[in-house]
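Me: I am new to this structure and would like to go through it step by step. Please show it, and then let us take some questions in turn.

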Amino acid sequence: MRRKQKRKIYRNRRIVICLFLFFLSCAIVAGIRSFSDISSKPSAEKGTNSSLSYQTVEKKTQDIHSGDLVLVNNKTEYKFPENNRLKSVFNLKNNDYQVKDKDVLLVEQIMSPLNQMLSDFRKEKGENDLIVISGYRTKEYQAGLLQQRIKEDGAAEAAKWVAQPGGSEHHTGYALDFGIYTRSGKSEDYTGQGKYGWINENCWKYGFIVRYPSDKTDLTGILYEPWHFRYVGLPHAATIREKGFCLEEYIDYLRQFPYDGEHLQVTAEGKSYEIYFVKADGKKTKIPVPKNKTYNLSGNNTDGFIVTVTL
Ligand SMILES: [Zn+2]
């Protein structure tokens with residue numbers, strides 16, 4: 001009787017061990033399968049456009065402070081990454097507009113769209129009296145401007161018009177101010193009215209935005225400045241215009257389109273684009289980029305990178 005009981009116990013133990021081993025092996029197989037799913041599944045399936053295949057580029061987290069989509073304002077200061085892409089507007093401009101002097105600098109990338117926009121303006125309206133009166137500014141220069149304005153109008157009024165040193169978009173080299181050139185040599189204020197309204201209406205086609213619109217002063221922190229233009233490129237300028245965003249709203253909007261989720265699909269000026277956001281992660285961030293497509297990678301100056309793919 002006892003022997004029989006013992007045998008029964010051994011048999012039960014064997015069954016339990018066998019079942020345990022069976023479940024263990026099932027778990028291992030399932031684990032390997034799901035791991036290989038992660039490693040071998042083409043990343044494209046994660047986005048909405050399954051026709052793209054991706055590779056990874058690595059960026060330092062400090063690179064979020066560079067690129068043509070950096071957001072700069074009094075709350076999000078510019079970090080002044082190396083700025084050797086600046087060029088004198090005087091040397092690269094065409095004859096369809098003027099520039100204050102040889103010291104007005106802009107990022108070289110925006111010179112071609114700027115030249116094109118002002119050539120088209122001249123063709124359209126017959127004027128070549130626009131003058132670029134301000135481009136890149138150092139932090140010290142901005143501090144001087146602010147001090148000057150405080151002296152003239154007091155601190156409260158100055159703060160509405162002049163950004164804090166570090167908080168001006170002019171630090172990036174992607175922003176410029178227009179004036180109207182007159183024969184007397186003194187430039188007049190650019191108001192974006194009359195024939196000049198063409199520029200404020202059409203600048204998006206060339207990748208520029210009116211950075212401080214009249215209805216967004218609570219978000220930008222700066223009063224309406226019809227003369228201040230910022231380059232963000234296409235298709236971004238088109239979407240910003242279409243949605244009625246200011247840059248603060250647009251950069252926030254793009255966070256809704258992470259690489260692992262649905263990507264933003266946009267068409268502008270006859271070209272299709274796909275846009276997604278990659279959040280910065282640790283000291284280095286791995287960013288999926290398309291293998292066989294042209295793409296633009298820019299930091300947002302806050303928490304990540306924006307990839308813009310030309311389809
Ligand atoms: Zn300006």
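Me: Is N301 buried or exposed?

Reply: N301 is located in the loop between β13 and β14 (304–310); strands here are DSSP runs of E with at least two residues, helices are runs of H or I with at least four, and both are numbered from the N terminus. Although N301 is not a glycine, its phi is positive, at about 70°. Buried means under 20% relative accessible area, exposed over 50% and partly exposed in between, with a 1.4 Å probe and protein chains only. The relative accessibility of N301 is 3%, so N301 is buried.

Me: What kind of model is this?

Reply: Residues are numbered from 1 along each chain as its sequence is written, and side-chain values use heavy atoms, with hydrogens and water left out. Local features need pLDDT of at least 70, side-chain atom pairs count only at pLDDT 80 or more, and totals for chains, interfaces and linings use all residues, the model being a predicted model.

Me: F80 also has a positive phi without being a glycine; how does its accessibility count?

Reply: The phi of F80 is near 55°. F80 belongs to the loop between β1 (54–60) and β2 (86–88). Its relative accessibility is 28%, so F80 counts as partly exposed.

Me: Which residues supply the donors of the zinc ion?

Reply: Donors are N, O and S atoms within 2.8 Å of the metal (3.2 Å for Na, K and Ca); water is not among the atoms, so sites may look incomplete. The protein donors lie 2.1 to 2.6 Å from the zinc ion, and along the chain they follow the spacing H-x6-D-x50-H. They are NE2 of H170, OD of D177, listed twice, and ND1 of H228, so the residues are H170, D177 and H228.

Me: What is the geometry of the zinc site?

Reply: Four donors count as tetrahedral if all angles lie between 85 and 135 degrees; four count as square planar and six as octahedral if opposite donors are over 155 degrees apart and all others between 65 and 115, and anything else is irregular. The angles among the four donor atoms of the zinc ion are 54 to 152°. The site is therefore irregular.

Me: How many residues apart in sequence are the parts that H170 and H228 tie together?

Reply: Both H170 and H228 are buried. H170 is in the loop between α5 (155–161) and β6 (175–180), and H228 is in strand β9 (residues 228–231). The pair therefore ties together parts whose separation in sequence is 58 residues.

Me: Which element gives the largest share of the largest nonpolar core?

Reply: A nonpolar core is a set of buried Ala, Val, Leu, Ile, Met, Phe, Trp, Tyr and Cys residues joined through side-chain atoms within 4.5 Å. The largest core has 28 residues, and L114, M117, L130, F178, I199 and F208 touch the most other members. At least two residues each come from β4 (105–107), α3 (111–125), β5 (130–134), β6, α6 (197–202) and β9. The largest share, five residues, is that of α3.

Me: How far apart are the C-alpha atoms of G192 and W227?

Reply: G192 lies in the loop between β7 (188–189) and α6 and is buried, with a relative accessible area of 12%. Leaving out residues up to four places away in sequence, G192 touches G197, N200 and P226, where contact means heavy atoms within 4.5 Å. G192 and W227 are 35 residues apart along the chain, and their C-alpha atoms are separated by 6.7 Å.

Me: Which strands are the edge strands of the open sheet?

Reply: Two strands pair if DSSP finds at least two bridges between them. The sheet has four strands in the order β10-β11-β14-β13, with antiparallel pairing. Each edge strand pairs on one side only, and these strands are β10 (264–268) and β13 (294–299).

Me: Which side chains of β10 are buried?

Reply: Side chains alternate along β10. Q265 and T267 point to one face and are not buried. Those that point to the other face and are buried are L264, V266 and A268.

Me: Which residue in β11 stands opposite A268?

Reply: Five bridges join β10 to the antiparallel strand β11 (residues 271–279). In the hairpin of these strands, which has two residues between them, E269 takes a positive phi near 50°. Opposite A268 stands K271.
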